[in-house]
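Work through the exercises below with the model in view. Try each task before you read its solution.

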Amino acid sequence: MPLDDGTRLADHFHPGRAVLLDRTGKALPAGPWDDLLTRVTAHSATGPAALLARPDGVVAWATDGESDPEGLTAALRTWLGPAPSHRPR
């Protein structure tokens, strides 16, 4: 997926982290998982308004722009584990 910043979505997977693409401009809340993500705020001509992709590039959550913080939180918990502040040591 080409982005308006001259990169492609695939370019953002090089660090081996999940990618949160936010084309909504609303700064989607990732809460305690924010340090585990690569955030991308560039725009593209196609695709959903926002998506969470696993480190292997598979889309774990997407939205057409409607508010869905519960869906994003559930996907973050499923694919990145418990919130970092709640992880057992």
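**Exercise 1. Find how much surface the protein exposes, and what share carbon and sulfur atoms supply.**

Solution. The protein exposes about 5200 Å². Carbon and sulfur atoms supply 54% of that area. The areas come from the Shrake-Rupley method with a 1.4 Å probe, and for residues only the protein chains shown count as cover.

The model is predicted: local features need pLDDT of at least 70, side-chain atom pairs count only at pLDDT 80 or more, and totals for chains, interfaces and linings use all residues. Residues are numbered from 1 along each chain as its sequence is written, and side-chain values use heavy atoms, leaving out hydrogens and water.

**Exercise 2. Describe the secondary structure of the protein.**

Solution. Start with the elements: one helix and four strands. Here helices (H or I, at least four residues) and strands (E, at least two) are DSSP runs, numbered from the N terminus. Now read along the sequence: the pattern is β-β-β-β-α.

**Exercise 3. Place His-12 and decide: buried or exposed?**

Solution. First, locate His-12: it lies in the segment before strand E1 (18-22). Next, take its relative accessible area, 18%. Buried means under 20%, exposed over 50%, partly exposed in between (1.4 Å probe, protein chains only). So His-12 is buried. Last, leave aside neighbours within four places in sequence; His-12 is then in contact (heavy atoms within 4.5 Å) with residues including Leu-3, Val-19 and Val-40.

**Exercise 4. Which ring does the charged end of Arg-54 sit over?**

Solution. The ring belongs to Trp-79, and its centre is 4.4 Å away. The criterion is NZ of Lys or CZ of Arg within 6 Å of the ring centre and within 35 degrees of the ring normal.
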